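Here is a quick tour for anyone meeting this model for the first time. Take a look at the picture, then read on.

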Protein chains: 2
Amino acid sequence: MAGGTRSPLYLDVAAWLEGEIGRLGPNSLLPTEEQLAERFRVSRITVRGALDLLERGGLVSRLRGRGTTVNPPKITRRFAPLTSFEQDLASQGVAFVTRILSYEPVMPAPTAMRLCLGLPADSQVGCLSLVRLVDGRIVCHDRRYYPAWIAARLDPKRVEHRDASEVIEDLVGSPIVESDWDSEITPAPRDVAAALDVGPRTLVLANTYTWRIAGGTPIEAGTISYRVDRCKFHFAIGFNRRASPLAARPARAKRTRPSALGGAAGK
Amino acid sequence: MAGGTRSPLYLDVAAWLEGEIGRLGPNSLLPTEEQLAERFRVSRITVRGALDLLERGGLVSRLRGRGTTVNPPKITRRFAPLTSFEQDLASQGVAFVTRILSYEPVMPAPTAMRLCLGLPADSQVGCLSLVRLVDGRIVCHDRRYYPAWIAARLDPKRVEHRDASEVIEDLVGSPIVESDWDSEITPAPRDVAAALDVGPRTLVLANTYTWRIAGGTPIEAGTISYRVDRCKFHFAIGFNRRASPLAARPARAKRTRPSALGGAAGK
DNA sequence: TAGTGGTCTAGACCACAAA
DNA sequence: TTGTGGTCTAGACCACTAT
């Protein structure tokens, strides 16, 4: 199955560049496309094929006028056990900045969001748009929608320096107890691409979520789009719901016996 | 930032094609690249830019010699609450086929897998490689590793028609109670690309996982690579699943200090 | 202003699928 | 055999960044 045909040229170039990227550090500048074309005696389009591959994999960034630079390692976003972006990065000791892009306290609800929030037709919602930056680099974009009664009381500025879910919980007076979301890898829509500062061909991980308080009442929905070239993701899920498996698992211990976990998991 | 410059030609072509795709049904054949180039009075490279965008988004498939066809809708893989691929698709009423590609009962453990399984250096493992097909189309590729004592007793044929996790649970005599995994969107390595029948530039969602039984002993690890053009994903996670409304946030890390965000962890 | 990557052209040859 | 998409060439102009 493998190895039959000759490997395309751009893969050779990409392989060489990958080695070069390993030798150079983050933020290093790679040779220009023209220089690479000359060095490998290929056309610029072939070089661009190789760089395109590396860019998709998140190894490099290309910026018109500046050149192609080596990316720092991806950050890790831990989705399970369920934590907010703020809690997650704080617990990893990763500094980040939240930048509010816009807040619209009253607007017609987009149909999809209206359904997530369980609102009747022609409902109004509030919409908060923001981006997160780690080390000065945009990693994700949030578009969050709130029912009118929450939106009216929401001060978007508070979200800039506090956990957004806690701000909402304070407003509502109940903790968020569950979340569900659809996750899809897709080219960024124009507005999201602009917010994330990526080209129209860049793929993002788009999470369309709903948050609920006890009783199942939805209090927030929206879409969070992650730059897949800057983020990877982690999940830890147990069948048994009682104890938190994470607490009992010290990194890569071998044969320790955390007696906490003996519980029956239905099945 | 937005709206300033003229939209590139290939976006216009892509937008038109997107409409056309909506009108045509799944598996329809789109015009050839040359026909599109002629119709829009652009070069073939521009047309390819548009088709490339649609292919990344999973709207079309392109096959040398056949042409460009409209894809059927993506399937949904539900990762949380934790379910196996088999359980998940069965519960959705989606038929699938498992095809064993290879089984190596004894081989040196790759370092990453050895660490996941908590094995000492120079350990041997068994390796099972398979793909899943829905409606005749490959949707994911599994490369599963087992400690030697399990591998020696594993009959790979049984996995073709039964839930793989159940087969292992039967062998081990204990249920799998927890799983964790890293999730990354990245170009498929050569061997995975071959197994998934995609080009070297195609992105996949690569999940590198570990399964554990009670006590925390790992019994299986591996990487499952999903074609992001054919799959989307769903999660439903609760903070507390029982009656008590206030139960507990993540273990004891409840009170995060907002002041921790600004400092620490530079690079 | 100089130099980068983004877009685009008009060709070409090849590997592969289907008739 | 025919026609497709995959790869590749040798140019070109433009938008943007940095100086």
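How far is a base nitrogen of DNA strand D from an N or O atom in the side chain of Arg44(A)? In this predicted model, the two are 3.1 Å apart. Backbone atoms get in on the act too, as the table shows for Leu9(A) and Gly65(B).

| Protein atom | Atom of DNA strand D | Distance |
|---|---|---|
| Arg44(A), side-chain N or O | base nitrogen | 3.1 Å |
| Leu9(A), backbone N or O | phosphate oxygen | 2.4 Å |
| Gly65(B), backbone N or O | base oxygen | 2.8 Å |

Stepping back, 25 residues sit around DNA strand D, and those that come nearest are Leu9(A), Ser43(A), Thr46(A), Arg48(B) and Gly65(B). Of the strand D atoms within 4 Å of the protein, 64% belong to sugar and phosphate. Sorted by class, the residues of this surface are 10 charged, eight polar and seven nonpolar. Chain A brings at least two residues from each of helix H1 (9-23) and helix H3 (44-56), while chain B does likewise with helix H3 (44-56), strand S1 (60-63) and strand S2 (67-70).

Now for how two helices of chain B meet. The axes of H1(B), residues 9-23, and H3(B) come within 8 Å and cross at roughly 55°, so H1(B) is oblique to H3(B). The crossing is right-handed. On the H1(B) side the contact includes Leu11(B), Leu17(B) and Ile21(B), and on the H3(B) side Ala50(B) and Leu54(B) are among the residues involved. By class, this contact has 11 nonpolar, two polar and one charged residues.

Technical notes. Residues numbered from 1 in each chain as written. Chains lettered and ligands numbered in written order. Predicted model: local features only at pLDDT ≥ 70, side-chain atom pairs only at ≥ 80, totals over all residues. Heavy atoms only, no water. Near = heavy atom within 4 Å. Polar contact = N/O pair within 3.5 Å; in protein donor to acceptor, adjacent residues only side chain to side chain. Helix = DSSP H or I, 4+ residues; strand = E, 2+ residues; numbered from the N terminus. Nonpolar A, V, L, I, M, F, W, Y, C, P; charged D, E, K, R; others polar. Axes fitted to C-alpha atoms, helices over the stretch in contact; angles between N-to-C directions. Parallel < 35°, antiparallel > 145°, perpendicular 65-115°, else oblique. Left-handed = near helix turned anticlockwise from the far one by under 90°. Contact = heavy atoms within 4.5 Å.
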